[in-house]
Amino acid sequence: MSTAIIVVGANGRMGRTISGLTAADPAYTLAGLVDSREHLDALSGAGCPVADSLEALLPRVPGAVIIDFTAPAVSLHSARVAARTGHALVIGTTGLSDEQKDELRALAEKASLFWSSNMSIGINVLLKILPELTRALGESYDIEMVELHHNRKKDSPSGTALTLGECLAEARGWKLPDVRCSSRDGIVGERPKAQIGIQAIRGGDVVGMHTIYFMGPGERIEVSHQAHSRETFAQGALRAAAWLSRQKPGKLYGMQDMF
């Protein structure tokens with residue numbers, strides 16, 4: 001049986017990618033598209049219901065899983081609507097504040113919600129192995145990270161970089177906000193040992209690249225992940241949607257739960 005999918009922000013870059021993969025895969029059914037009113041004409045040939053709000057669309061597609069890669073405020077609104085209607089929701093939006101994440105966790109008591117700052121399988125495997133590498137190398141190795149994204153990305157550092165940074169900090173027994181350094185300029189003094197640098201580069205149409213550097217006495221280890229296409233994240237989101245359709249409310253799910 002195919003999983004019915006509703007895409008919020010359907011005319012955006014990720015929305016178009018998710019919609020295209022959904023329509024092409026018999027394991028999924030494109031059940032509805034949501035975007036702002038000025039974009040509805042561009043969606044009119046999709047062959048499924050189209051609306052300018054989830055509230056208008058959801059009564060027509062009960063049981064569908066919502067996928068939202070938009071903006072923090074929009075995704076949070078989608079979660080509130082899902083909590084009222086009981087629809088499952090997969091969120092891939094980055095840049096959420098701690099308060100917004102806390103609200104998602106509360107709403108997850110009422111509906112099946114899934115959030116990840118990065119839907120790629122490779123990144124989530126890195127989240128499993130990086131803590132072991134960090135502990136094995138020890139504190140004589142300084143940790144730095146560089147992330148590259150396209151020139152239209154609004155948040156910095158990327159949500160993925162922060163998630164990777166959190167797992168690295170936890171492996172050292174630190175909290176990332178206490179040790180993160182995202183800017184160096186002027187006479188800043190020697191690098192503290194209890195520090196993780198995360199630097200952001202923006203330009204062109206780079207889909208996403210993250211490189212973690214472990215720099216120690218006489219050697220350097222680099223661990224890099226490059227996303228070649230947005231389909232990497234879209235496929236992960238669809239896999240999450242199929243998995244989430246079988247889960248019950250009670251917690252905010254993520255990629256590690258699915259694995």
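Let me start with a rule: rings of Phe, Tyr and Trp (its six-membered ring) pair if their centres lie within 6.5 Å, and planes under 30 degrees apart count as stacked, over 60 as edge-to-face and the rest as tilted. By that rule we get two aromatic pairs here. In the first one I'll show, F114 and W243 sit edge-to-face, 6.1 Å centre to centre with 75° between the planes. That pair links distant parts of the chain, with F114 in strand β6 (residues 113–115) and W243 in helix α8, 129 residues apart.

A word on the model: it is predicted, so local features need pLDDT of at least 70 and side-chain atom pairs count only at pLDDT 80 or more, while totals for chains, interfaces and linings use all residues. Residues are numbered from 1 along each chain as its sequence is written, and side-chain values use heavy atoms, with hydrogens and water left out. Helices (H or I, at least four residues) and strands (E, at least two) are DSSP runs, numbered from the N terminus.

Back to our rings. Buried means under 20% relative accessible area, exposed over 50%, partly exposed in between (1.4 Å probe, protein chains only). F114 is buried because its relative accessibility is 0%. W243 is buried too, at 13%. W243 also pairs edge-to-face with Y253, at 5.2 Å centre to centre and 85° between the planes. Here W243 in α8 meets Y253 of strand β12 (residues 252–253), 10 residues apart. Y253 has 12% relative accessibility, so Y253 counts as buried. Together, ring pairs join F114, W243 and Y253 into a cluster.
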